[in-house]
Amino acid sequence: MTETFAITPEDIDAAARRIEGHVLRTPLVPAPRLSELTGAEVLVKHENMQATASFKERGAVNKLLSLSEAERKRGVIAMSAGNHAQAVAYHAKRFGIPATIVMPETTPLVKVENTRAHGAHVVLHGETLYEAAQKAHELAGAQRLVFVHPYDDPAVMAGQGTIAREMLADEPDLDVLIIPLGGGGLMAGNAVAAKAIKPGIELIGVETALFPSFFNAVNAQDRPIGGATLAEGIAVKTVGQLTLPIVSSLVSDIVLVGEDLIERAVNAYASLQHSLAEGAGAAGLAAMLKEPERYAGRKVGLVLCGGNIDTRLLAAIMVRELEREDRIVAFRLTSSDRPGLLGKIASLLGDEGANILEVSHGRLFLDVPAKGVSLDVTVETRGEAHSRAIEDMLAKNGFAPRRILPRGLAEPAR
């Protein structure tokens, strides 16, 4: 590396010594079922095992322990809607440093309360992170607080870089590191660390397709930025001034992943790796699902960078994945309204090995005869082939089944 960057490998080595004993040295775990899914040899760095379930603790601890005694007494301030807020608040309390966290007014109450529970003074301001950041800078100047930036700070970047240092110490033969990209602190720190240890390693950054900030900056493009994403942890509109030169120089490619792939990856971590991954934390696996041929036969290191996902959201994602796999299927059946109809349908479905999850009657649809009835039946199946067999059975018994899809009704089975 001939370029002059904001951090050096020596800074990351110093950060590793500084944060030792304050954050967990998380395991790099072989993931045979994810390997089977993707065709690569996958190893996962489980940063979701940190005390606040995110890698953000590494940078926060390195920054806090780098402060002078006078700075520690004055206190720190940060802006964040999630993991950075909790990491700064948690470790500031441990070190006896007063902490103020500015969060957007739209931040979910559970995240606000979790941050307060760590002892921080929480200020709710603005609708967006940008407005919260402006308020944080204003308070920092007025109260002489040290601003702890979530990514564009050398001490924070160096702390995050200890991840790749540990990964390559545990598994020197890694061919590729796939790392989520938000503001770039995680990638920048780990790119410097990884390239210093193993210059030939390939670094892949991953952004949600709704927030292609680095993709635009590196490729001189102007794709639209914004939208509701599952990967809110990397939904950053503005890249870091310190992180951009590192990413531009050391990262071989930036991959954009859609919401469907992020959902699949979150589900795969839960069902195959038995691990909680938030949307941003699963972005690396989403990139592999997008282009499995790119990584086939290679040894790939994934950073599961965070596990703070709402359990209701996770449940919804897992059900949606069952629907994608045709393991939960809904049919609309039409028949004459007669006694015993529901029992007959239940018997037919039971004989076919389908588990009924929900049934609803409809007698007022105008496309149903006056003496007819429409039934929406949701069943659990063993997969696509089983679903087709159930549909064929219902058709043969005169129920004219139509699949109920997210976009509407499918045509009747023939």
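## A tour from E325 to the nonpolar patch

Begin by selecting E325, which has a relative accessible area of 35% and is therefore partly exposed, since that class lies between the 20% and 50% limits. The model in the viewer is predicted, and the values quoted along the way are computed from it. Add R327 to the selection: the two side chains form a salt bridge, with N and O 3.3 Å apart, and R327, at 36% relative accessibility, is likewise counted as partly exposed. Then select E202, D253, E291, R294 and R298 together, because salt bridges with shared partners, each a Lys or Arg nitrogen within 4 Å of an Asp or Glu carboxyl oxygen, connect these residues into one network.

**The whole chain**

Zoom out to see the overall arrangement. The chain has 414 residues, 54% of which count as buried, and its secondary structure amounts to 18 helices and 15 strands. The C-alpha trace extends over about 85 × 50 × 40 Å along its principal axes, while the accessible surface is about 18,300 Å², with 51% of that area belonging to carbon and sulfur atoms. If contacts are restricted to residues at least 6 apart in sequence, 72% of them join residues at least 24 apart.

**Salt bridges onto helix α9**

Side chains of opposite charge can pair when their charged atoms come close. How many salt bridges does a search of the whole structure find? The search returns 24, and two that involve helix α9 make good stops on this tour.

Select R25 and D170, whose side chains meet in a salt bridge with an N to O distance of 3.0 Å. This pair connects distant parts of the chain, for R25 lies in the loop between α1 (9–19) and β1 (28–30), whereas D170 belongs to helix α9 (residues 162–170), 145 residues away. R25 is partly exposed at 46% relative accessibility, and D170 is partly exposed at 36%.

Next, stay on α9 and select E166 with K45, a salt bridge in which the closest N and O atoms are 2.6 Å apart. Here too distant parts of the chain are linked, with E166 in helix α9 and K45 in strand β2, 121 residues apart. Are these two residues buried or exposed? Both E166 and K45 are buried.

**A parallel sheet**

Colour the strands of the open four-stranded sheet, which has the order β5-β4-β3-β6 and parallel pairing. Its edges are β5 (121–124) and β6 (146–147), each of which pairs on one side only. Within the sheet, β3 (residues 76–79) and β4 (residues 99–103) run parallel and are joined by 4 bridges, and I77 can be found opposite T100 of β4. The pairing of β4 with β5 is also parallel and extends over 4 bridges, with M103 opposite L124 of β5.

In a regular strand the side chains alternate between the two faces of the sheet. Show the side chains of β3 to see this pattern: V76 and A78 point one way, I77 and M79 point the other way, and all are buried.

**Two residues with positive phi**

Most residues other than glycine have a negative phi. Select A53, a non-glycine residue whose phi is positive at about 65 degrees, in the loop between β2 (41–46) and α3 (56–65); its relative accessibility of 13% makes A53 buried. Then select H274, also not a glycine, with a positive phi near 55 degrees, in the loop between α13 (259–272) and α14 (283–290). Unlike A53, which is buried, H274 is exposed, with a relative accessible area of 65%.

**Around T229**

Move to T229, in the loop between α11 (213–219) and α12 (243–250), where 15% relative accessibility places T229 among the buried residues. Which residues does T229 touch, leaving aside those up to four places away in sequence? They are T208, L210, F211, A235, E259 and I262. The T229 side chain makes a polar contact of 2.7 Å with the side chain of E259, and also reaches the backbone nitrogen of A231 at 3.0 Å.

**Last stop: a nonpolar patch**

Finally, display the surface and select L342, I356 and V359, which make a nonpolar surface patch of about 200 Å². L342 is located in helix α17 (residues 341–351) and counts as partly exposed at 38% relative accessibility.

Note on methods
Residues are numbered from 1 along each chain as its sequence is written. This is a predicted model: local features need pLDDT of at least 70, side-chain atom pairs count only at pLDDT 80 or more; totals for chains, interfaces and linings use all residues. Side-chain values use heavy atoms; hydrogens and water are left out. Buried means under 20% relative accessible area, exposed over 50%, partly exposed in between (1.4 Å probe, protein chains only). Contact means heavy atoms within 4.5 Å. A polar contact is a pair of N or O atoms within 3.5 Å; within protein, one must be able to donate a hydrogen and the other to accept it, and residues adjacent in sequence count only if both atoms are side-chain atoms. Patches are made of residues with over 30% relative accessible area and no salt bridge: like charges are joined within 9 Å, nonpolar side chains (Val, Leu, Ile, Met, Phe, Trp, Tyr) within 5 Å. Accessible areas come from the Shrake-Rupley method with a 1.4 Å probe; for residues, only the protein chains shown count as cover. Two strands pair if DSSP finds at least two bridges between them.
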